[in-house]
Amino acid sequence: GRDPGLGPPRSTEDAAALFEAESAALMSEKVAAVIASGETQEYELIARQPDGRRVSVQAVSVPRKDVNGKVVALYGTIQDITERKRGDEALRLSEKKLSLVLEHMTEGVMLIDADGNAFYQNPASLRIHGFEPEGRGYIDNQDLPISWKGWDQHGRELDVAGWPLSRVTRGERVHNQVLRARRVGTSLEFFANYNGQAIYDE
């Protein structure tokens with residue numbers, strides 16, 4: 001927000017005038033910390049442009065020391081990170097919306113890792129599989145043959161390799177696989193239609 005014709009700020013006070021009050025106070029605090037500790041400080045500030053626009057910047061204050069290690073001067077840099085901050089906020093809002101959708105779906109959603117362990121279930125999936133609503137719902141692939149039994153739509157018992165989690169872990173695409181499942185040692189038994197596929201990093 002400083003007129004380029006004026007050149008760079010010549011004092012901390014000149015520099016602080018470029019920023020909103022809270023940011024100016026933070027900058028003064030960080031400058032004092034550099035002088036006291038002799039260590040570099042990184043922080044974010046909000047500058048106000050002449051047209052009123054708010055700009056986010058990443059600031060770095062670096063000490064310059066004499067031969068005895070005493071701080072004798074400071075120098076630093078600022079980088080405009082406005083677009084990055086906007087991107088971060090857009091991502092945060094997108095993730096919040098996705099979380100709300102998952103939380104209120106009637107269909108179960110389950111995420112599994114490369115070893116076939118279910119590390120996330122939305123509330124509908126927790127309910128279907130007999131987990132507490134506030135529970136983690138972690139399913140260890142090694143526990144499947146111990147904790148669960150399953151049959152296909154024709155009543156044929158399936159070994160673990162035929163279960164949807166195992167098939168997806170092998171890279172298969174599961175489409176409308178009907179599974180009758182029973183949780184061993186409980187009265188929980190249900191029929192469910194499973195769909196899923198592996199997702200690979202680019």
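Met 110, His 129, Ile 139, Leu 144, Trp 148, Trp 163, Pro 164, Leu 165, Leu 179 and Tyr 194 line the largest cavity (on a 1 Å grid over the protein atoms alone, a set of points where a 1.4 Å probe fits but cannot get out; lining residues have an atom within 4 Å of a point). This is a predicted model: local features need pLDDT of at least 70, side-chain atom pairs count only at pLDDT 80 or more, and totals for chains, interfaces and linings use all residues. Residues are numbered from 1 along each chain as its sequence is written, and side-chain values use heavy atoms, without hydrogens and water.

The largest cavity has a volume of about 80 Å³ (the space filled by probe spheres set on the points, with grid points joined across faces, edges and corners). The count is one cavity of 30 Å³ or more. Its lining holds nine nonpolar, one polar and no charged residues.

Three strands form an open sheet in the order 1-2-3, with antiparallel pairing (at least two DSSP bridges between two strands; strands are DSSP E runs of at least two residues, numbered from the N terminus). Strand 1 (41–48) and strand 3 (71–80) are the edges, each pairing on one side only. Nine bridges join strand 2 (residues 54–65) to strand 3. Ala 59 stands opposite Ile 78 in strand 3.

Two helices (DSSP H or I runs of at least four residues) lie across strand 1, strand 2 and strand 3. Contact means heavy atoms within 4.5 Å. Axes are lines fitted to C-alpha atoms, for helices over the stretch in contact; angles run from 0 to 180 degrees between N-to-C directions.

| Helix | Residues | Angle to strand |
|---|---|---|
| Helix 2 | residues 21–37 | about 155 degrees to strand 1 |
| Helix 3 | residues 82–104 | about 120 degrees to strand 2 |

Terms used. 1 Å grid on protein atoms, 1.4 Å probe; cavity = no way out; pocket = protein on both sides within 12 Å on 5 of 7 lines; lining within 4 Å. Nonpolar A, V, L, I, M, F, W, Y, C, P; charged D, E, K, R; others polar.
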